[in-house]
Amino acid sequence: VKVVSGRNQPPADESTLGHLGPGTQQVVARASEELPVPDSSVGRMSFGEVPPRPPSAMHRYRGWARLRSMRTAIWLLIAVAAASVLGSVVPQKNNSSARVARFMADHPFWGTAFDRLMLFEVFTSWWFLGLVGALLLVLFLCLLPRTTAFFRDRRKLSLAPAVGKPPPVATEAVLSVSGEADRVLEEVGHRLRKLGWKISRANEAGQFVAEKGGSREAGSLLFHWALFLLFVAGALTVTTKFEGYVALVEGQRWFEGGKVNFDEYSEGAFARFLSRHRGFYLTLDDFEVRYRENGMPEDYVSRVRLEDPGSGATRSSEIRVNKPLSYRGVKVYQASYGWAAEVSVRQSNRVLYEGPVLFFGEELSSGPAQMRGVVGVVKVPQASPEQAGLELRLFPDFRIVPYKATNPEAPEAQDPTALDLINVSDEARRPLVLVTEYRGDLGLDRPQNVYRLDKSRLRSVQQRFITFPEFANDRLPSSVELSDGLNVELRSLRRFSVLQVRSDIWGSSVAGIAGVVVFASLFPALYGWRRRLWVWVRPLREAAEAGEPNQSEGPPRRAAQENGSCRGNEGREDGADENGADVDGGGRKAARGTALSATSSKGDSGKRDERCLVELRAVAFQRKDLLESEFERVVSEFLRSFEAEPVATVSPCPEPAEPSNKSVSGVSSAK
Amino acid sequence: VLSGAYLGVQVACGPRSATACSGRVFLENKPAPAAVGRALETPEGDIGDVVDLSTLRGKPVIVNFWASWCGPCREEAPLLLEMWQQLSDTVEFVGVDIRDEQAAAKSFVDEFNLRYLHLFDKDARIAAAWGVSSPPTTLVVDANGRLVGRFVGTLTRNDLECMVGLVS
């Protein structure tokens, strides 16, 4: 037995393996002349056929082929990525409208240009959605032929190959094994399957094909399909989700019924056909903020009660940042919070307004916004003799400081005794409300912000300080009389909590699954390597008659013919030794060395051996460096197993050789 | 595929405007959803009673969704008053005040002297059931209780007359 590794020979190159080279075509043609190809081979692969590469759709690089090429897909992916970067650098209308407005004001030209290009709303712009749509289309067109080819090849692999010659490859071995051909064939297949090879059925010449590493293409396909699914999930999310914000004051009950119930609302194009609103009530029982020592909020929680009049379900829940309340596909997230005051406005015993006023921080051009307090408004169009607007500026924790302390750039001429009012924290330790009374036209016939006064046709009348009843005293009351008998009274100070209500169950669940698959399939796609093994088991005698056994030039005979030796247990009259000698001779003469002849018979002491030639050829399509060791593993496994277990009814060969390369060659020379 | 599906659904289920009159009135044809709520204001003055709009069957009803904080609602209020005074024999007028404070809503009604029936729909449950997305929205229900027309935005005389024309 001799193993010669194929290292010295030029490595098998994928491109030379019968792809499209003219020489290879000739070889194939010659093979088909020499080999009787049965009719049943139609639709099967031929033995010796090198599996095609997955179709890349790049062979005809124009028009349709260009559209469905991976290169187009990658360019589109880069474009989408670039647009996403743009969308995260340029302020977006949907999450920072104030910054957009400031940008527009600061740079009128660029602001208009950006607006025209929809750069302030990249992710909903037609061109971004067009890019994503094109990417989806190209990805789909790329994947379809690859996927069908993958399944076609897998199906083909399970069929017996048409009779042919094994391809000339560098890594090959020939073993002489005692046993009848059928049994050996069966055992070889069994061993290979145990080693994780996927094997085809054997044809009538005793040839079959084994493959390993199909996981690479499978993983790659799975990865790309999952990526496709991820985009589809994104599209599903965009088209079917709804998202709304609502500010609830402590004690307020809110109904989740539709767009009308939200302060801010957006939904996908299909959302209104899906009726995802659940019609439940949410009551904000309590809102609590805990602060760190530096005054920053540490944790805030909305304690809510949910009631569903439809199902009768009720539940109490705490909503924190990243700990949403989930009910029948609708999720309620904690967004932000603020102060609210219960305010009552009367005029001559008529209640004109009674309810909560929400305070919001102003967008200031400079300085800490908190220092200037938060602002809420009451619009009183029914006030007489003209409309009134009240601006309430809340300082939850006020201090009076020298004017110089807060305005260091103030001119020296400033009165040194002047004072300024500032707010020092968000906690209601010393709350103070500065009421500014405006009179005139509230401009309610024009569209305007509910939480702001349109002061363009209002004039400021007076400013007064008030506070909440529990902090009130003689100098700082909780109500104040403004002009014309308009009376403002603060009832209580409460928190409001802004909740985000969202429903995108389709998109997020599909995206979750797709994301897991994307990452999981990456490993086989990157580390899998496909390799193929051509196996030819034939009776030694037959091979000898054909000429050199491990050369593909000899005209192979169909083993299916009844005169095939090695069939049946009856030993032939032909001497096994003679055959063996032939084999050895053939092996030595082999132009393409690497011949490993595992002659298993030494002294056929009394018993007659049937011997078979097991010819193995292997090629790897990726990681060719790994093939050598894998092939040696296969061969040594064969040597070991065929020695350990008799393959046929024939007794195991008394050959004492260890299945290592050196001893094998030693035996060979001894013989 | 998504775009095609969207266009298909739009064509199949999208709103169709009444071509007979103002193009801004959208035709509907379905039973009016339930509307049971507390009264904010009634012509008889019994405030707080639970009212069911389905008891108004037999007469066409103009249902106007409004709020005191809503500017366009203020704009269209004088027109509603005028039309109500003109048509109160043949058409019933109902206001539904949504997401509002009672005192502010009361003073709104007082200010414009809209003395027809108003429901106080503080949590906008009726509005959600009627598919109203924002005030002001005006709907018209025929004498058999079928919702036949919808108008979103500030009413004009032409639009309101068109809606009345749908049911008379």
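Let's start with helix α7 (residues 181-194) of chain A, which lies across β1, β2, β3, β22 and β23 (611-620) of chain A and runs at about 160° to β22(A). Such an angle is taken between N-to-C directions, on a scale from 0 to 180 degrees, with axes as lines fitted to C-alpha atoms, for helices over the stretch in contact. Contact here means heavy atoms within 4.5 Å. Helices (H or I, at least four residues) and strands (E, at least two) are DSSP runs, numbered from the N terminus.

Before going on, please note that this is a predicted model, in which local features need pLDDT of at least 70, side-chain atom pairs count only at pLDDT 80 or more, and totals for chains, interfaces and linings use all residues. Residues are numbered from 1 along each chain as its sequence is written, chains are lettered from A and ligands numbered from 1 in the order in which they are written, and side-chain values use heavy atoms, leaving out hydrogens and water.

Now to the sheet beneath our opening view. In chain A, five strands form an open, antiparallel sheet in the order β1-β23-β22-β3-β2. The edges belong to β1 (171-178) and β2 (198-199) of chain A; each has a single partner strand, so one side of each is left without a neighbour in the sheet. Two strands count as paired if DSSP finds at least two bridges between them.

Take the edge strand β1(A), which is joined to β23(A) by eight bridges in the antiparallel sense. One of the residues to look for is A:E172, whose bridge partner in β23(A) is A:R617. Although β1(A) stands at an edge, eight of its eight residues are buried, meaning under 20% relative accessible area, with exposed being over 50% and partly exposed in between (1.4 Å probe, protein chains only). A:T171, A:A173, A:L175 and A:V177 point one way from the strand, while A:E172, A:V174, A:S176 and A:S178 point the other way.

Further along the sheet, β3 (residues 207-212) and β22 (residues 531-539) of chain A pair antiparallel over six bridges. Here A:E211 has A:R532 as its bridge partner in β22(A).

Away from the sheet, find A:R457 in the loop between β18 (432-440) and β19 (458-466) of chain A. This arginine is partly exposed, with a relative accessible area of 45%. Leaving aside residues up to four places away in sequence, A:R457 touches A:R439, A:G440, A:D441 and A:R446. A:Y438 lies 19 residues from A:R457 in sequence, and their C-alpha atoms are 9.6 Å apart.

Another place to visit is helix α2 (residues 63-67) of chain A, where A:L67 is found. A:L67 is partly exposed, with a relative accessible area of 31%.

For the wider picture, chain A has 14 helices and 23 strands, and 48% of its 671 residues count as buried. Among its contacts between residues at least 6 apart in sequence, 71% join residues at least 24 apart.

Chain B has five helices and nine strands, and 52% of its 168 residues count as buried. In helix α3 (residues 102-112) of chain B, the buried residues include B:A104, B:F108 and B:F112. An α-helix has 3.6 residues a turn, so residues three or four places apart point the same way. After α3(B) comes B:N113, with a positive phi near 60°.
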